[in-house]
Amino acid sequence: MARQPVIITCALTGAIHTPTMSDALPYTPDDITAQAIAAAEAGASILHLHARRPHDGGVSIDPEVFNGFLPRIKQATDAVINISTGGSLTCTIDERVGPALRFSPEMCSLNMGSMNFSFHPLAKRYQSWKFDWERDYVKNSDHNIFRNTFADIENAANQLKPHGIKFEHECYDVGHLYNLRFCMDIGLFQAPIFIQFVLGILGGIGPEVDNLIFMKRTADRLFGDDYRWSVLGAGAAQMPLATTASQMGGNVRVGLEDSLYIKRGTLAESNAQQVAKIRRIIEELGAEVATPDQARDLLGLKGGDKVNF
Ligand code: KMH
Ligand code: ZN
């Protein structure tokens, strides 16, 4: 069977676990817009977007902040817009789905289980911080629980159901795949589902290739032909795992949300630089990169004309 084109998702800015410790990380609406357009031009067919407070880069779930960049990105690119429902670790699920409810994007993220979600070891690595909130936020993240109960997942799915949004099901461990199977069995999601295997977050499964193979084999068993998949490796695992996934028939996610680096010890200059790098690797290894319309087709999306921005 011919290899399907590889969908590149670019997660541009994050918010949950990425303080602004690189000048390349966009957090104002203007910078998010510019970097999103450049990432799409470099080959990303899906743009995964969070919002940040424009004055200090802190997490924002205010739809007005999203409104500062979503329409401009849509006008300038054909890329699929994917809005995060991860929001912040202190928000309720009702608050987290607010932006997706307002803008009805083609896709949004949905996190498939509750977990420790910590990045406190970073606090020891940095001496200076750009904004006042960052040091304590990072240091105290060993207290975090990223809450995504079955009730939260069902609530988000039911609120968003009328919008025909395809979820990027973020699965940080093998148990999350079973959670997703359970949710499908009770009718919350329809095939084809799109699973993002998330490896390398402290609190979730580690970034070893063995674990990726285990996740994939488990998903094959649980979902058969009813799923498409992609890999997000956090930090240093980003490019190696994306390369491996692209060779295993999967799709890839890069972007400064998940790693600030272009290679070990060197900060990336932009999101587009990471997209261009993985694109080059994918093409040199003999596969094609999906256009936005190919991504829409592969994932069964509703279309860019059915969003509300
Ligand atoms: N950066 C990912 C590990 C979300 O947006 O819903 C977490 C994430 C969550 O992407
Ligand atoms: Zn995200």
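**Exercise 1. The largest pocket**

Which helices and which strand each supply at least two residues of the lining of the largest pocket?

*Solution.* The model examined here is a predicted one, and the first step is to establish the extent of the space in question, since the largest pocket holds about 760 Å³. The second step is to identify its lining, which is made up of 31 residues, with Arg125, Ala234, Gly235, Ala236 and Asp258 lying nearest the centre. The third step is to assign the lining to secondary structure: helix 6 (122-125), helix 11 (238-247) and strand 13 (261-263) each supply at least two residues. Finally, sorting the lining of the largest pocket by class gives 18 nonpolar, eight polar and five charged residues.

**Exercise 2. The second largest pocket**

Determine which element gives the most to the lining of the second largest pocket, and describe that lining.

*Solution.* Begin with the volume, which is about 390 Å³ for the second largest pocket. Its lining consists of 18 residues, and those nearest the centre are Gln4, Tyr227, Arg228, Trp229 and Gly249. Next, look for elements that supply at least two lining residues each, and helix 10 (209-223), strand 11 (227-233) and helix 13 (292-299) are found to do so. Of the contributions to this lining, that of strand 11 is the greatest, with three residues. By class, the lining of the second largest pocket comprises nine nonpolar, four polar and five charged residues.

**Exercise 3. The cavities and ligand 1**

How many cavities of 30 Å³ or more does a search of the whole structure find, and which space is taken by ligand 1?

*Solution.* Rolling a probe the size of a water molecule over the atoms shows where empty space is left. For this model, the search of the whole structure yields two cavities of 30 Å³ or more. The largest cavity has a volume of about 110 Å³, and its lining of 18 residues has Ile16, Glu170, Tyr172, Arg253 and Glu257 nearest its centre. By class, this lining divides into seven nonpolar, seven polar and four charged residues. The largest cavity is the space taken by ligand 1.

The second largest cavity contains about 40 Å³ of space, and the residues that line it include His50, Phe66, Ser84 and Arg96. Its lining divides into six nonpolar, four polar and one charged.

**Exercise 4. The surroundings of ligand 1**

Describe the shell around ligand 1, and state which polar side chain or backbone atoms approach its oxygen atoms.

*Solution.* First, list the neighbours: ligand 1 is surrounded by 15 residues, the closest being His17, Ser84, Ser109, Glu257 and Asp258. Second, classify them, which gives four nonpolar, seven polar and four charged residues in the shell. Third, examine atom pairs: a polar atom in the side chain of Asn111 is 2.9 Å from an oxygen atom of ligand 1, and for an N or O atom in the side chain of Arg253 the distance to a ligand oxygen is 3.0 Å. Gly86 takes part through its backbone, with an N or O atom 3.3 Å from an oxygen atom of ligand 1. Fourth, consider burial: ligand 1 taken alone exposes 300 Å², and 100% of that is buried by the protein.

**Exercise 5. Backbone geometry in two loops**

Where in the chain do Pro192 and Ser104 lie, and what marks the backbone at each of them?

*Solution.* As background, most residues other than glycine have a negative phi, and most peptide bonds are trans. Pro192 is placed in the loop between helix 9 (174-185) and strand 10 (193-199), and the peptide bond that joins Ala191 to Pro192 is cis, with omega at about -5 degrees. Ser104 lies in the loop between helix 5 (98-103) and strand 6 (107-111), and its phi is positive, at about 45 degrees, although Ser104 is not a glycine.

Methods
Residues numbered from 1 in each chain as written. Chains lettered and ligands numbered in written order. Predicted model: local features only at pLDDT ≥ 70, side-chain atom pairs only at ≥ 80, totals over all residues. Heavy atoms only, no water. 1 Å grid on protein atoms, 1.4 Å probe; cavity = no way out; pocket = protein on both sides within 12 Å on 5 of 7 lines; lining within 4 Å. Points joined across faces, edges and corners; volume = space filled by probe spheres on them. Nonpolar A, V, L, I, M, F, W, Y, C, P; charged D, E, K, R; others polar. Near = heavy atom within 4 Å. Polar contact = N/O pair within 3.5 Å; in protein donor to acceptor, adjacent residues only side chain to side chain. Areas by Shrake-Rupley, 256 points an atom, 1.4 Å probe, with all protein chains shown as cover. Sits in = over half its atoms within 2 Å of the grid points. Helix = DSSP H or I, 4+ residues; strand = E, 2+ residues; numbered from the N terminus.
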